[in-house]
2 protein chains.
Amino acid sequence: MRVLVHPPIEDVTLQAVLYALADPVRLAVFADLVDATEPKACAIYLTVNDTPVPKSTLSQHFRILREHGLIRSERRGVEMLSTARKDELDAKFPGLIDSILAAA
Amino acid sequence: MRVLVHPPIEDVTLQAVLYALADPVRLAVFADLVDATEPKACAIYLTVNDTPVPKSTLSQHFRILREHGLIRSERRGVEMLSTARKDELDAKFPGLIDSILAAA
DNA sequence: GTATTAGTTCGTGAATCATGAACTAAGGGA
DNA sequence: TCCCTTAGTTCATGATTCACGAACTAATAC
């Protein structure tokens, strides 16, 4: 298992954000992480919008969210806890995340 | 040549908007059309960001923008004139388009 | 040690994408 | 009228990306 990739916020592009959130599963996960008050494990999202998401597919979605700069993940024991990089994203793209989440 | 497809604004989804604008060429074209005061032909965009875009590729990009509800096109003589559906999109997704264009 | 749980990686078939070539549609002359 | 030009579309295909089951790894508990 490779080390986790987290781009610095300077390297996060608008295209990357739009691409990452253009998928309904990733948008749902990200929206939930933004609302969360503490880091969450991905296993929580094995069903999204009442439809099951295969484990390997979910893992890929988390990798894309992470490597495109939307979330930050760290291993805690046997699970991976993730948080949304909301503050950083808000600073770089004012109003963007809020208007996307409002539209969702 | 088939008839042009323009979804009613009720059928335009957030996912569709994010998907359509996640491509840099489409975002550049859309941003330019939003700024335009009158309909524009697509041939103007055969180079975008100083890089050439093949004609068939550009045609596909316009089709995606159109069929996902971002632009409206109509044939005028030998050319296809397009406009951004900014007002409709603003009404349905408040602040979304503006924050995307501000970030671009 | 084995077992369990959480998540990742690999392999592959399916779906999507980019683009050159061929085509269509609309005018504009001779 | 027929040919030419211009603008854009469609088709075919090779390349890339995607989804997901199977196998694997990493951490903890017993």
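# Exercises: two helix pairs and a DNA strand

A:Leu96, A:Ser99 and A:Ile100 of α5(A) meet B:Leu96, B:Ser99 and B:Ile100 of α5(B), where contact means heavy atoms within 4.5 Å. The model is predicted: local features need pLDDT of at least 70, side-chain atom pairs count only at pLDDT 80 or more, and totals for chains, interfaces and linings use all residues. Residues are numbered from 1 along each chain as its sequence is written, chains are lettered from A and ligands numbered from 1 in the order written, and side-chain values use heavy atoms, without hydrogens and water.

**Exercise 1.** Describe the contact of α5(A) with α5(B) by residue class and by the angle of the axes.

Solution. Step 1: the contact residues divide into four nonpolar, two polar and no charged. Here Ala, Val, Leu, Ile, Met, Phe, Trp, Tyr, Cys and Pro count as nonpolar, Asp, Glu, Lys and Arg as charged, and the others, Gly among them, as polar.

Step 2: the axes of α5 (residues 96-103) of chain A and α5 (residues 96-103) of chain B come within 9 Å and cross at roughly 150°. Axes are lines fitted to C-alpha atoms, for helices over the stretch in contact, and angles run from 0 to 180 degrees between N-to-C directions.

Step 3: α5(A) and α5(B) are therefore roughly antiparallel, a term for angles over 145 degrees.

**Exercise 2.** Classify the packing of α1(A) against α1(B), and name the residues in contact.

Solution. Step 1: helix α1 (residues 14-21) of chain A packs on helix α1 (residues 14-21) of chain B at about 140°, with axes 8 Å apart.

Step 2: α1(A) is therefore oblique to α1(B); oblique covers angles that are not under 35, over 145 or from 65 to 115 degrees.

Step 3: A:Gln15, A:Leu18 and A:Leu21 make the contact with B:Gln15, B:Leu18 and B:Leu21.

**Exercise 3.** Which residues come nearest to DNA strand D, and which element gives the most to the surface near the strand?

Solution. Step 1: 21 residues surround DNA strand D, and A:Tyr19, B:Ala43, B:Lys55, B:Ser59 and B:Val78 come nearest; a residue is near if one of its heavy atoms lies within 4 Å.

Step 2: α3(B) gives the most, with five residues.

Step 3: the surface near DNA strand D has 10 nonpolar, six polar and five charged residues.

Step 4: a polar side-chain atom of B:Ser59 lies 2.5 Å from a phosphate oxygen of DNA strand D. For the side chain of B:Arg66, an N or O atom is 3.3 Å from a phosphate oxygen of the strand.

Conventions: Polar contact = N/O pair within 3.5 Å; in protein donor to acceptor, adjacent residues only side chain to side chain. Helix = DSSP H or I, 4+ residues; strand = E, 2+ residues; numbered from the N terminus.
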